[in-house]
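Dear colleague,

I am handing over the structure below, together with some notes on what was found in it. Please read the notes with the model open beside you.

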Amino acid sequence: VRRIAAMVVAIAALGLAGCGGDEQQRATLTIAVNAPFSRTSYVGDAIARGASLAVQELNAGGGVPAGSTVYTLKVRRMDNALSPHQAVENVRRAVEDGAVAILDEGTGVDASWRIAGAAGIPLVITYQGGTGLVDVAERPNVFRIAPTDRGISFRLAEYVIPRGLKVALLVDDTDYGQQGRVALAKAFGRNPASVAARITLPSRAGDPAPQVLRARKAGATALLVWAQAPTIAQVLVAARSAGWQVPVFTPPPGSDPLVRQQLAAHRRWIDGLTFASGRMTAELGPAQWEAFRAKYERAYDADKVGVQTSGGQEVVQPPEYAMYAYDTVNVLAAAIRHAGGIRDGKVVKALEQVTVEGANGDERGFNEASHEGVVDDDVYFARFRDMTFRPVKDDPLSSTLPIIRQTEGGR
Amino acid sequence: MIRHALILGILVAAFTAGCGGKEGEEGEREAATKACGAAPAAMSGEPTFPDGFPTPSEVTYTAQKESGPSTIVEGYRDGDIDDAFDGYKTAFDDAGYDVTKDEHEEVDAEVNFAGGGSDGQVKLVQECEGRTSVSITIRPE
């Protein structure tokens, strides 16, 4: 009887083991968001929120299967305070703690990519566009979903130079400004007659009035300010308070809420500011962008700029950079699935093989030839009026784009 | 008389704008199924391309202009957008250029390239049945 009982138990155990053969293990993966939460909170929050929204959706859908494991994702915020040293320390810590990927604003990447690379971890930049930051051959684990400085600077040159403007190129002395200086040198290098002056702005010195005066005396008929948002605001104040209504062009930080907040007492001074950035909507139209935006605003509320239109409507910021972070997490998830595992640099290689539909309906992905997720020809121009911006009409791409809602409850 | 002509012009412009409801992709889709009008005239001479840049024999070039540091070449190709898209991708491969990104929607497509000391984009739009417009933006490295 004992023998029979033992056999029954053994058969039952085998049966249970057989049933369990299809069961997948569960594990949690951390995506580290390395961004300047304490210094430019708009940028940091946009990246972290976009990433978190994608993570929530993936987890709600059951997680990310890879091989015999289903992964739940989580986001860890790490403040780089715009300090390269801190940014590198954050990446070191994230790697030690087993992060599967780094979503990075871009500060300190010249050093931090090696730490991530040595661990076989992808580092994806979702804000800074510096030319040397991404290099398929030299930095195979670095990717980017954000407009490149090269694309922004060339598109600005293509827009400004044919208009016969004499441009003063003003860059600040931050990493961001110096990367811009390099990009602008290339973009404007073939048309030296279009450049009235090249001037560096001290980002911590406060009033840039002497540099703005220098640009004016050099005969500039336009200013191109490649700087962090506070410096852009200071340049506008310096020019307008001197009665100089010169056209001002900027890269994406021109649309940072901080510029408008700092000019709230002189709201007309921002009118006419033209900035270049990646187009938010797809060629198919704005429907998918609006759907993404609705999800974002349900999760986090609209990002209030802190100013109102002249009609008293609260101005809100479209979640442009959140979209890039959201897309990045979805591309990462697709790569984890494709790789069938997360070890030995598999995710890095898989990132070159996958493409997903982005939040706005455009395809997002990379290949062996390019680790850039936003193409230069998707850079458009928008101009401010009454604290909101709209695409310009005198550029072929921009003129086809819809006006994005920027007031609470508005259209 | 001039005033009447001006008012008439404004009214015609307003009417035309009002008729432009089918914009963007929808308008392009509809146009792609319609018969083509006369093809634009070929440009005199040949456009200037970077070293080794593919020049498919099916493409007729109609204009070239400088836009700041960049060069824009316009043209068209007889045939639908699928052939044009595949043709350029193959041609870039054969020419030793990298295709850095490509995207093909219903009636428009882009092939982004790098090579020959340049990068840029070939944008294709099927503008009518049997003709695809080609717009090439070339940026020096």
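In which loop is Leu82(A) found? Leu82(A) lies in the loop between strand E3 (69–79) and helix H3 (84–96) of chain A, where helices (H or I, at least four residues) and strands (E, at least two) are DSSP runs numbered from the N terminus. Its phi is near 60°, a positive value in a residue other than glycine, and Leu82(A) is partly exposed, with a relative accessible area of 21%; buried means under 20% relative accessible area, exposed over 50%, and partly exposed in between (1.4 Å probe, protein chains only). Asp301(A), in the loop between H10 and strand E12 (303–308) of chain A, is not a glycine either and has a positive phi of about 70°, but at 53% relative accessibility Asp301(A) counts as exposed.

Before going further, please note that this is a predicted model, in which local features need pLDDT of at least 70 and side-chain atom pairs count only at pLDDT 80 or more, while totals for chains, interfaces and linings use all residues. Residues are numbered from 1 along each chain as its sequence is written, chains are lettered from A and ligands numbered from 1 in the order in which they are written, and side-chain values use heavy atoms, with hydrogens and water left out.

The largest nonpolar core (buried Ala, Val, Leu, Ile, Met, Phe, Trp, Tyr and Cys residues joined through side-chain atoms within 4.5 Å) has 94 residues, and those with the most contacts inside it are Leu103(A), Leu223(A), Val329(A) and Ile336(A). H11(A) gives the most to this core, with 14 residues. Apart from it lies another core, of 24 residues, among them Val160(A) and Phe249(A).

Helix H11 (residues 320–339) of chain A also meets helix H10 (residues 287–300) of chain A, their axes coming within 11 Å and crossing at roughly 95°; axes are lines fitted to C-alpha atoms, for helices over the stretch in contact, and angles run from 0 to 180 degrees between N-to-C directions. In this contact (heavy atoms within 4.5 Å), Trp289(A), Phe292(A), Lys295(A) and Tyr296(A) of H10(A) meet Glu320(A), Ala322(A), Met323(A) and Tyr326(A) of H11(A).

Finally, an open sheet of 7 strands runs in the order E8-E7-E9-E10-E11-E16-E17 (chain A), with mixed pairing, two strands being paired if DSSP finds at least two bridges between them. Its edge strands, E8 (195–201) and E17 (388–391) of chain A, each pair on one side only.

With best wishes
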